[in-house]
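Please open the model in your viewer and keep the selection tool at hand. The stops below are to be taken in order.

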Amino acid sequence: QVQLVESGGGLVQAGGSLRLSCAASGRTFSSYAMGWFRQAPGKEREFVARISGSGVATYYADSVKGRFTTSRDNAKNTVYLQLNSLKPDDTAVYYCAADPFARVGAREDPRSYQYWGQGTQVTVSS
């Protein structure tokens with residue numbers, strides 16, 4: 001019922017920046033907590049960030065804290081992930097996901113998210 005489409009990935013040099021977008025369908029978007037995950041070659045899916053429906057509360061994996069920022073514009077049904085100070089280890093496919101029930105007890109668990117985008121590739125060269 002909810003469709004998510006990521007965009008903004010690309011190739012950047014270490015130390016560079018990218019801004020990822022996730023456009024969502026659905027009239028109740030503002031009630032959905034939104035998460036960002038990534039998956040690198042040979043690695044399991046990894047939690048990156050989460051933002052509450054209002055945008056007031058954000059959560060980050062330790063590996064990206066201080067470098068990445070998630071935000072949202074509920075009027076545009078869009079969530080963003082700003083990637084700064086990128087490292088080669090950040091190379092992965094990045095996915096956005098929606099948690100309609102705002103399950104705060106398992107923010108980092110992919111099973112908390114009912115809807116997923118197709119992913120966008122981020123490649124960071126050294």
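Select Arg67 in this predicted model. Arg67 has a relative accessible area of 10% and is therefore buried, the cut-off for that class being under 20%. Add Asp90 to the selection: Asp90 forms a salt bridge with Arg67, and their closest N and O atoms are 2.7 Å apart. This pair links distant parts of the chain, since Asp90 belongs to the loop between β8 and β9 and Arg67 to the loop between β6 (58–60) and β7, 23 residues apart. Asp90 is likewise buried, at a relative accessible area of 2%.

Now extend the selection to Arg38 and Glu46. Together with Arg67 and Asp90, these residues are linked in a network of salt bridges. Side chains of opposite charge can pair when their charged atoms come close.

How many salt bridges does the count come to? The count is six. One of them joins Arg50 to Asp99, with the closest N and O atoms 3.1 Å apart. Here too the pair links distant parts of the chain: Arg50 is in strand β5 and Asp99 in strand β9, 49 residues apart. Both Arg50 and Asp99 are buried.

Go next to Lys65 and Asp62. Are these two residues buried or exposed? Lys65 is exposed, with a relative accessible area of 51%, and Asp62 is exposed at 68%, because the class begins over 50%. They form a salt bridge whose closest N and O atoms are 3.3 Å apart.

Turn then to the nonpolar interior. The largest nonpolar core has 33 residues, and those with the most contacts inside it are Leu4, Met34, Trp36 and Leu81. Elements that give two or more residues to this core are β3 (18–24), β4 (33–39), β5 (46–51), β8, β9 and β11 (120–125). The largest share, five residues, comes from β9.

Centre the view on Leu81. Leaving aside neighbours within four places in sequence, Leu81 is in contact with residues including Leu18, Leu20, Trp36, Val48, Phe68 and Tyr94.

The last stops concern backbone geometry. Select Asn77, in the loop between β7 (68–73) and β8 (78–83). Asn77 has a positive phi of about 50 degrees, although it is not a glycine. Its relative accessibility is 19%, so Asn77 counts as buried.

Finally, select Ser85, in the loop between β8 and β9 (92–99). Ser85 also has a positive phi of about 50 degrees without being a glycine. With a relative accessible area of 41%, Ser85 is partly exposed.

Technical notes:
Residues are numbered from 1 along each chain as its sequence is written. This is a predicted model: local features need pLDDT of at least 70, side-chain atom pairs count only at pLDDT 80 or more; totals for chains, interfaces and linings use all residues. Side-chain values use heavy atoms; hydrogens and water are left out. Helices (H or I, at least four residues) and strands (E, at least two) are DSSP runs, numbered from the N terminus. Buried means under 20% relative accessible area, exposed over 50%, partly exposed in between (1.4 Å probe, protein chains only). A nonpolar core is a set of buried Ala, Val, Leu, Ile, Met, Phe, Trp, Tyr and Cys residues joined through side-chain atoms within 4.5 Å. Contact means heavy atoms within 4.5 Å. A salt bridge is a side-chain nitrogen of Lys or Arg within 4 Å of a carboxyl oxygen of Asp or Glu.
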